[in-house]
Amino acid sequence: MTRQASPFANARGAKTVTLSVQSWVGAQANVAVAQYLLEHELGYRVDTVQVDEVPAWDALSQGRVDALLEDWGHPEQEQRYVKDKKTITPGGDLGVTGHIGWYVPTYLAEQHPDITDWKNLNKYADLFRTAESGDKGQLMDGSPSYVTNDKALVNNLDLDYKVVFAGSEAAQITQIKQFAKEKKPFLTYWYSPQWLFEKVPMTEVKLPAYKEGCDADPAKVACAYPHTPLQKYLNTDFAENGGDAAAFLKNFEWSTEDQNEVSLMIAEQRLSPEEAAKKWAERHESTWKAWLP
(Lines give C-alpha, C1' and ligand atoms only; values in the text may rest on other atoms or scores of the structure.)
Protein backbone atom coordinates (compact mmCIF):
# COMPACT_ATOMS: atom_id res chain seq x y z
CA MET A 1 0.00 0.00 0.00
CA THR A 2 2.96 2.36 -0.39
CA ARG A 3 4.29 3.94 -3.54
CA GLN A 4 7.58 2.16 -2.88
CA ALA A 5 5.85 -1.23 -2.92
CA SER A 6 5.74 -1.08 -6.71
CA PRO A 7 8.96 -1.54 -8.68
CA PHE A 8 7.60 0.97 -11.21
CA ALA A 9 6.41 3.64 -8.79
CA ASN A 10 8.19 6.97 -8.83
CA ALA A 11 10.72 5.86 -11.46
CA ARG A 12 11.85 9.06 -13.16
CA GLY A 13 9.92 9.68 -16.34
CA ALA A 14 7.90 6.48 -15.97
CA LYS A 15 4.21 6.83 -16.81
CA THR A 16 2.56 4.93 -13.97
CA VAL A 17 -0.97 4.82 -12.61
CA THR A 18 -2.17 2.99 -9.50
CA LEU A 19 -5.82 1.92 -9.45
CA SER A 20 -7.81 0.76 -6.44
CA VAL A 21 -9.67 -2.51 -7.01
CA GLN A 22 -12.75 -3.31 -4.93
CA SER A 23 -13.38 -6.94 -4.05
CA TRP A 24 -16.51 -7.53 -6.17
CA VAL A 25 -16.27 -8.63 -9.77
CA GLY A 26 -18.03 -5.60 -11.31
CA ALA A 27 -15.33 -3.35 -9.86
CA GLN A 28 -12.67 -5.75 -11.14
CA ALA A 29 -14.22 -5.46 -14.61
CA ASN A 30 -13.91 -1.64 -14.60
CA VAL A 31 -10.26 -1.81 -13.57
CA ALA A 32 -9.42 -4.60 -16.03
CA VAL A 33 -10.68 -2.55 -18.99
CA ALA A 34 -9.14 0.72 -17.76
CA GLN A 35 -5.81 -1.03 -17.17
CA TYR A 36 -5.83 -2.75 -20.55
CA LEU A 37 -6.52 0.49 -22.44
CA LEU A 38 -4.11 2.61 -20.37
CA GLU A 39 -1.37 0.09 -21.10
CA HIS A 40 -2.12 -0.79 -24.73
CA GLU A 41 -3.43 2.52 -26.06
CA LEU A 42 -1.72 5.14 -23.90
CA GLY A 43 1.55 3.44 -22.94
CA TYR A 44 1.17 3.55 -19.15
CA ARG A 45 2.31 1.05 -16.57
CA VAL A 46 -0.65 0.25 -14.32
CA ASP A 47 -0.41 -1.08 -10.76
CA THR A 48 -3.52 -2.28 -8.94
CA VAL A 49 -4.15 -2.50 -5.20
CA GLN A 50 -7.09 -4.35 -3.63
CA VAL A 51 -8.54 -2.28 -0.78
CA ASP A 52 -11.85 -2.41 1.11
CA GLU A 53 -14.32 0.39 0.46
CA VAL A 54 -13.58 2.83 3.30
CA PRO A 55 -9.76 2.33 3.46
CA ALA A 56 -9.74 2.95 -0.32
CA TRP A 57 -10.79 6.56 0.37
CA ASP A 58 -7.92 7.00 2.84
CA ALA A 59 -5.44 5.55 0.34
CA LEU A 60 -6.81 7.80 -2.41
CA SER A 61 -6.54 10.90 -0.23
CA GLN A 62 -2.93 10.07 0.63
CA GLY A 63 -1.98 9.45 -3.01
CA ARG A 64 -1.22 5.77 -2.42
CA VAL A 65 -3.71 5.08 -5.21
CA ASP A 66 -4.57 7.48 -8.03
CA ALA A 67 -8.16 6.52 -8.80
CA LEU A 68 -11.19 4.65 -7.51
CA LEU A 69 -13.54 3.66 -10.34
CA GLU A 70 -16.69 2.46 -8.55
CA ASP A 71 -18.01 4.04 -5.39
CA TRP A 72 -21.46 3.15 -4.03
CA GLY A 73 -21.85 6.24 -1.86
CA HIS A 74 -19.80 7.18 1.20
CA PRO A 75 -21.13 10.60 2.29
CA GLU A 76 -18.85 10.81 5.34
CA GLN A 77 -15.68 10.26 3.30
CA GLU A 78 -16.95 12.57 0.56
CA GLN A 79 -17.49 15.35 3.09
CA ARG A 80 -14.06 14.87 4.66
CA TYR A 81 -11.87 14.42 1.59
CA VAL A 82 -13.74 16.08 -1.29
CA LYS A 83 -15.39 19.05 0.43
CA ASP A 84 -13.22 19.74 3.49
CA LYS A 85 -9.66 18.60 2.68
CA LYS A 86 -10.03 18.75 -1.13
CA THR A 87 -7.51 15.88 -1.44
CA ILE A 88 -9.96 13.89 -3.59
CA THR A 89 -11.67 15.13 -6.75
CA PRO A 90 -14.89 13.67 -8.27
CA GLY A 91 -14.10 11.84 -11.50
CA GLY A 92 -17.66 11.78 -12.87
CA ASP A 93 -20.27 9.08 -13.43
CA LEU A 94 -19.17 5.52 -14.17
CA GLY A 95 -22.33 5.21 -16.28
CA VAL A 96 -23.75 2.39 -14.19
CA THR A 97 -26.56 2.75 -11.61
CA GLY A 98 -26.12 0.53 -8.59
CA HIS A 99 -28.89 -0.80 -6.39
CA ILE A 100 -28.67 -2.93 -3.27
CA GLY A 101 -31.70 -4.89 -2.16
CA TRP A 102 -33.03 -8.08 -0.64
CA TYR A 103 -33.75 -10.88 -3.09
CA VAL A 104 -35.36 -14.29 -3.14
CA PRO A 105 -34.98 -16.79 -6.00
CA THR A 106 -37.69 -16.29 -8.62
CA TYR A 107 -38.77 -19.95 -8.28
CA LEU A 108 -39.69 -19.17 -4.64
CA ALA A 109 -41.48 -15.92 -5.54
CA GLU A 110 -43.58 -17.87 -8.05
CA GLN A 111 -44.57 -20.39 -5.37
CA HIS A 112 -45.34 -17.68 -2.76
CA PRO A 113 -46.11 -14.38 -4.56
CA ASP A 114 -46.65 -12.46 -1.30
CA ILE A 115 -43.10 -13.27 -0.10
CA THR A 116 -41.81 -10.30 -2.10
CA ASP A 117 -43.39 -7.84 0.38
CA TRP A 118 -41.29 -7.33 3.54
CA LYS A 119 -44.49 -7.28 5.67
CA ASN A 120 -44.93 -11.00 4.96
CA LEU A 121 -41.34 -12.08 5.68
CA ASN A 122 -42.02 -13.13 9.30
CA LYS A 123 -44.69 -15.51 8.03
CA TYR A 124 -41.98 -17.30 6.02
CA ALA A 125 -39.06 -17.05 8.50
CA ASP A 126 -39.08 -20.81 9.15
CA LEU A 127 -38.39 -21.46 5.45
CA PHE A 128 -35.10 -19.58 5.68
CA ARG A 129 -33.68 -21.15 8.84
CA THR A 130 -30.12 -22.48 8.63
CA ALA A 131 -27.58 -23.87 11.10
CA GLU A 132 -26.03 -20.39 11.28
CA SER A 133 -29.30 -18.52 11.90
CA GLY A 134 -30.66 -20.89 14.57
CA ASP A 135 -34.37 -20.35 15.30
CA LYS A 136 -34.56 -17.28 13.06
CA GLY A 137 -34.66 -16.95 9.28
CA GLN A 138 -31.32 -16.33 7.58
CA LEU A 139 -30.68 -13.11 5.69
CA MET A 140 -27.44 -13.77 3.84
CA ASP A 141 -24.99 -10.88 3.40
CA GLY A 142 -21.62 -10.90 1.64
CA SER A 143 -18.62 -9.16 3.17
CA PRO A 144 -19.03 -7.12 6.37
CA SER A 145 -17.03 -4.38 4.61
CA TYR A 146 -19.78 -3.72 2.04
CA VAL A 147 -22.35 -0.92 2.35
CA THR A 148 -25.11 -2.60 4.36
CA ASN A 149 -28.00 -1.46 6.60
CA ASP A 150 -29.28 -4.99 7.06
CA LYS A 151 -28.81 -5.43 10.82
CA ALA A 152 -30.62 -2.13 11.45
CA LEU A 153 -33.37 -3.06 8.97
CA VAL A 154 -33.99 -6.43 10.63
CA ASN A 155 -34.11 -4.73 14.02
CA ASN A 156 -36.21 -1.69 13.07
CA LEU A 157 -38.72 -3.64 10.98
CA ASP A 158 -39.10 -6.26 13.78
CA LEU A 159 -38.14 -9.12 11.51
CA ASP A 160 -37.54 -12.60 12.85
CA TYR A 161 -34.27 -12.89 10.94
CA LYS A 162 -30.54 -13.00 11.59
CA VAL A 163 -27.95 -11.45 9.26
CA VAL A 164 -25.32 -14.08 8.40
CA PHE A 165 -22.21 -12.97 6.49
CA ALA A 166 -20.88 -15.33 3.81
CA GLY A 167 -17.58 -13.42 4.02
CA SER A 168 -17.07 -12.32 0.42
CA GLU A 169 -18.88 -11.96 -2.89
CA ALA A 170 -17.35 -15.24 -4.12
CA ALA A 171 -18.53 -17.15 -1.03
CA GLN A 172 -21.99 -15.64 -1.36
CA ILE A 173 -22.21 -16.62 -5.04
CA THR A 174 -21.17 -20.19 -4.20
CA GLN A 175 -23.89 -20.37 -1.54
CA ILE A 176 -26.57 -18.87 -3.81
CA LYS A 177 -25.71 -21.30 -6.63
CA GLN A 178 -25.86 -24.23 -4.21
CA PHE A 179 -29.29 -23.19 -2.89
CA ALA A 180 -30.53 -22.66 -6.47
CA LYS A 181 -29.23 -26.05 -7.63
CA GLU A 182 -31.24 -27.72 -4.87
CA LYS A 183 -34.20 -25.34 -5.41
CA LYS A 184 -34.01 -24.32 -1.74
CA PRO A 185 -35.49 -21.10 -0.32
CA PHE A 186 -33.04 -18.29 0.42
CA LEU A 187 -33.19 -14.58 1.23
CA THR A 188 -30.09 -12.61 0.35
CA TYR A 189 -28.62 -9.12 0.27
CA TRP A 190 -27.64 -8.64 -3.37
CA TYR A 191 -27.03 -5.86 -5.85
CA SER A 192 -27.29 -4.90 -9.45
CA PRO A 193 -25.51 -4.72 -11.79
CA GLN A 194 -24.36 -8.29 -11.22
CA TRP A 195 -23.82 -11.06 -13.75
CA LEU A 196 -25.30 -13.75 -11.44
CA PHE A 197 -28.86 -12.64 -12.30
CA GLU A 198 -28.24 -14.26 -15.72
CA LYS A 199 -27.57 -17.61 -14.05
CA VAL A 200 -29.89 -17.49 -11.02
CA PRO A 201 -33.02 -15.38 -11.64
CA MET A 202 -33.92 -13.49 -8.46
CA THR A 203 -36.84 -11.26 -7.49
CA GLU A 204 -36.47 -8.23 -5.22
CA VAL A 205 -38.34 -8.05 -1.91
CA LYS A 206 -40.06 -4.66 -1.54
CA LEU A 207 -38.81 -2.83 1.55
CA PRO A 208 -40.41 0.43 2.80
CA ALA A 209 -39.84 3.02 0.06
CA TYR A 210 -36.59 4.98 0.04
CA LYS A 211 -36.93 8.71 0.74
CA GLU A 212 -34.10 11.22 0.79
CA GLY A 213 -32.47 11.15 4.23
CA CYS A 214 -34.24 8.00 5.49
CA ASP A 215 -30.84 6.34 5.87
CA ALA A 216 -29.10 9.34 7.50
CA ASP A 217 -28.87 7.67 10.92
CA PRO A 218 -27.38 4.16 10.41
CA ALA A 219 -29.01 2.85 13.61
CA LYS A 220 -32.52 4.01 12.65
CA VAL A 221 -32.69 2.90 9.00
CA ALA A 222 -36.08 1.38 8.18
CA CYS A 223 -36.23 1.97 4.41
CA ALA A 224 -35.02 0.44 1.15
CA TYR A 225 -31.62 1.16 -0.35
CA PRO A 226 -31.44 3.97 -2.92
CA HIS A 227 -30.63 3.66 -6.61
CA THR A 228 -27.12 5.11 -6.80
CA PRO A 229 -25.42 6.39 -9.94
CA LEU A 230 -21.94 4.93 -9.28
CA GLN A 231 -19.11 7.44 -9.14
CA LYS A 232 -15.39 7.64 -9.91
CA TYR A 233 -12.96 9.56 -7.71
CA LEU A 234 -9.40 10.71 -8.36
CA ASN A 235 -6.63 11.84 -6.07
CA THR A 236 -6.66 15.65 -6.50
CA ASP A 237 -2.97 15.94 -7.38
CA PHE A 238 -3.38 13.17 -9.97
CA ALA A 239 -6.59 14.77 -11.32
CA GLU A 240 -4.69 17.99 -11.95
CA ASN A 241 -1.29 16.63 -13.03
CA GLY A 242 -2.02 13.09 -14.25
CA GLY A 243 -2.04 14.05 -17.93
CA ASP A 244 -3.60 11.64 -20.42
CA ALA A 245 -4.25 8.99 -17.76
CA ALA A 246 -6.34 11.35 -15.64
CA ALA A 247 -8.20 12.62 -18.72
CA PHE A 248 -8.89 9.03 -19.84
CA LEU A 249 -10.23 7.97 -16.43
CA LYS A 250 -12.52 11.00 -16.27
CA ASN A 251 -13.86 10.05 -19.73
CA PHE A 252 -14.31 6.36 -18.84
CA GLU A 253 -18.07 5.78 -18.83
CA TRP A 254 -19.81 2.58 -19.84
CA SER A 255 -23.10 0.75 -19.43
CA THR A 256 -24.38 -1.92 -17.07
CA GLU A 257 -24.40 -4.31 -20.04
CA ASP A 258 -20.73 -3.58 -20.74
CA GLN A 259 -19.75 -4.20 -17.13
CA ASN A 260 -21.77 -7.42 -16.93
CA GLU A 261 -20.23 -8.68 -20.17
CA VAL A 262 -16.72 -8.39 -18.71
CA SER A 263 -17.77 -9.62 -15.24
CA LEU A 264 -19.32 -12.75 -16.72
CA MET A 265 -16.11 -13.56 -18.61
CA ILE A 266 -14.02 -13.18 -15.43
CA ALA A 267 -16.31 -14.87 -12.90
CA GLU A 268 -18.11 -17.53 -14.89
CA GLN A 269 -15.94 -18.23 -17.94
CA ARG A 270 -12.75 -18.02 -15.82
CA LEU A 271 -10.89 -15.70 -18.19
CA SER A 272 -8.14 -13.61 -16.64
CA PRO A 273 -9.16 -9.95 -16.20
CA GLU A 274 -6.72 -9.00 -18.98
CA GLU A 275 -8.16 -11.58 -21.42
CA ALA A 276 -11.70 -10.44 -20.62
CA ALA A 277 -10.74 -6.77 -21.11
CA LYS A 278 -9.02 -7.58 -24.43
CA LYS A 279 -12.11 -9.42 -25.72
CA TRP A 280 -14.40 -6.59 -24.67
CA ALA A 281 -12.10 -3.96 -26.22
CA GLU A 282 -12.02 -5.84 -29.53
CA ARG A 283 -15.84 -5.90 -29.65
CA HIS A 284 -16.46 -2.31 -28.51
CA GLU A 285 -13.86 -0.10 -30.13
CA SER A 286 -16.32 2.72 -30.81
CA THR A 287 -17.15 2.91 -27.08
CA TRP A 288 -13.61 3.19 -25.72
CA LYS A 289 -12.22 5.33 -28.56
CA ALA A 290 -14.36 8.16 -27.14
CA TRP A 291 -12.50 7.89 -23.81
CA LEU A 292 -9.06 8.54 -25.28
CA PRO A 293 -7.76 12.09 -24.72
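Visitor: Which residues of helix 6 are buried?
Guide: This is a predicted model, where local features need pLDDT of at least 70, side-chain atom pairs count only at pLDDT 80 or more, and totals for chains, interfaces and linings use all residues. Residues are numbered from 1 along each chain as its sequence is written, and side-chain values use heavy atoms, leaving out hydrogens and water. Buried means under 20% relative accessible area, exposed over 50%, partly exposed in between (1.4 Å probe, protein chains only). In helix 6 (helices, H or I with at least four residues, and strands, E with at least two, are DSSP runs numbered from the N terminus), the buried residues are Glu 169, Gln 172, Ile 173, Ile 176, Phe 179 and Ala 180.

Visitor: Within what arc do the buried residues of helix 6 fall?
Guide: Look down the helix axis and take the directions from that axis to the C-beta atoms. The buried residues of helix 6 line one face, because their arc is within 130 degrees.

Visitor: Which exposed residues sit on the face of helix 6 turned away from its buried side?
Guide: The buried side includes Ile 173 and Ile 176. The face turned away from it carries the exposed residues Ala 170, Thr 174 and Lys 181.

Visitor: What span does helix 6 reach from its first C-alpha to its last?
Guide: Helix 6 covers residues 169-181, 13 residues in all. The expected span is 1.5 Å times one less than the number of residues. That gives an expected 18 Å, and helix 6 comes close to it, reaching 18 Å.

Visitor: What is the phi of Lys 183, just after helix 6?
Guide: Most residues other than glycine have a negative phi. Lys 183 takes a positive one, about 55 degrees.

Visitor: At what angle do the axes of helix 1 and helix 9 cross?
Guide: Axes are lines fitted to C-alpha atoms, for helices over the stretch in contact, and angles run from 0 to 180 degrees between N-to-C directions. The two axes come within 11 Å. They cross at roughly 145 degrees.

Visitor: Which residues of helix 9 does helix 1 meet?
Guide: Contact means heavy atoms within 4.5 Å. Helix 1 brings Ala 34, Leu 37 and Leu 38, and these meet Ala 245, Phe 248 and Leu 249.

Visitor: Is Ser 263 buried or exposed?
Guide: Ser 263 lies in helix 10, residues 256-267. Leaving out residues up to four places away in sequence, Ser 263 touches Val 25, Gly 26, Ala 29, Trp 195 and Glu 268. Its relative accessible area is 2%, so Ser 263 is buried.

Visitor: Which residues does the cis peptide bond join?
Guide: Most peptide bonds are trans. Here the omega is about 5 degrees. Pro 193 sits in the loop between strand 7 and helix 7. The cis bond joins Ser 192 and Pro 193.

Visitor: What is the relative accessible area of Lys 86?
Guide: Lys 86 is in the loop between helix 3 (75-84) and strand 4 (88-105). Its phi is positive, near 60 degrees. Lys 86 is exposed, because its relative accessible area is 54%.

Visitor: Where does Arg 270 lie?
Guide: Arg 270 is not a glycine, yet its phi is positive, about 60 degrees. Arg 270 is exposed, with a relative accessible area of 67%. Its place is the loop between helix 10 and helix 11.

Visitor: Which residues are exposed on the other side of helix 11?
Guide: Ala 276, Ala 277, Trp 280 and Ala 281 are buried in helix 11. Their arc is within 130 degrees, so they line one face. On the other side, the exposed residues are Glu 282 and Arg 283.
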